[in-house]
Amino acid sequence: MSEALRARVLSYLRTHHVMTLATQAPEGPWAAAVYYANAGFKLYFLSSPASRHCRNLAANPRAAVTIQEDYADWPEIKGIQLEGEVAELRDADEKHARALYGEKFPVVRGTSGAAAALARAMDKVRWYRLTPRRIWFIDNSRGFGHRDEIALTP
């Protein structure tokens, strides 16, 4: 992978906040929008273990993600598509995820009343890491349907 492509993808990940997480279960596919923070290409998110997407991930950790804006003009379209595996985090890995999340979303570590309510709600969630296997960066400014692939080793 070129350093320029790596830098573009990492910049895109840093400057966006919501990913659409797609999971699969016997009753069919499911997609959910979740906030994320990243360390390199690894994506960290939190969610209720009772949510449909987390129940799906408990049975099958493979997932796909898209990250994009709501573009009105096709030549402006940029975004990320990726596939990988999700793991629930514990102990030091969970602390690392919380720290990354707090850096990206300061309200998570704030002291306001809203942050206190958020902190109570966060006691009921679990932390997850999506480790991508392959990433595609879509950039229509380079030509309609232009995609660059990044293959990652496990």
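## Close-up views of helix α3 and its aromatic neighbours

**View 1. Helix α3 spans residues 91-104 of this predicted model.** Its 14 residues reach 20 Å from the first C-alpha to the last, close to the 20 Å expected at 1.5 Å a residue. Look for A97, L100, Y101, G102 and K104, the buried residues of α3. They pack against several elements, including α1 (3-15), β2 (28-35) and β7 (126-139).

**View 2. An aromatic pair joins Y35 and F105.** The whole structure holds six aromatic pairs. In this one, the rings meet edge-to-face, at 5.3 Å centre to centre and 75° between the planes. The pair links distant parts of the chain, with Y35 in strand β2 and F105 in the loop between α3 and α4, 70 residues apart. Y35 is partly exposed at 48% relative accessible area, whereas F105 is buried at 12%. F105 also pairs with Y101: their ring centres are 4.9 Å apart and the planes lie at 50°, so this pair is tilted.

**View 3. Y35, Y101, F105 and W127 make up one aromatic cluster.** Y101 is buried, with 6% relative accessibility. W127, in strand β7, is buried too, with a relative accessible area of 1%. Here you can also find the C-alpha atoms of W127 and E94, separated by 6.1 Å although the residues are 33 apart along the chain.

**View 4. K104 meets the ring of Y36.** The charged end of K104 sits over that ring, 4.0 Å from its centre.

**View 5. Confidence varies along the chain.** Mean pLDDT is highest in strand β5 (residues 62-68), at 98, and lowest in helix α4 (residues 113-122), at 66. The chain averages 91.

Technical notes:
Residues are numbered from 1 along each chain as its sequence is written. This is a predicted model: local features need pLDDT of at least 70, side-chain atom pairs count only at pLDDT 80 or more; totals for chains, interfaces and linings use all residues. Side-chain values use heavy atoms; hydrogens and water are left out. pLDDT is the predictor's confidence in each residue, from 0 to 100. Helices (H or I, at least four residues) and strands (E, at least two) are DSSP runs, numbered from the N terminus. The expected span of a helix is 1.5 Å times one less than its number of residues. Buried means under 20% relative accessible area, exposed over 50%, partly exposed in between (1.4 Å probe, protein chains only). Contact means heavy atoms within 4.5 Å. Rings of Phe, Tyr and Trp (its six-membered ring) pair if their centres lie within 6.5 Å; planes under 30 degrees apart count as stacked, over 60 as edge-to-face and the rest as tilted. A charge sits over a ring if NZ of Lys or CZ of Arg is within 6 Å of the ring centre and within 35 degrees of the ring normal.
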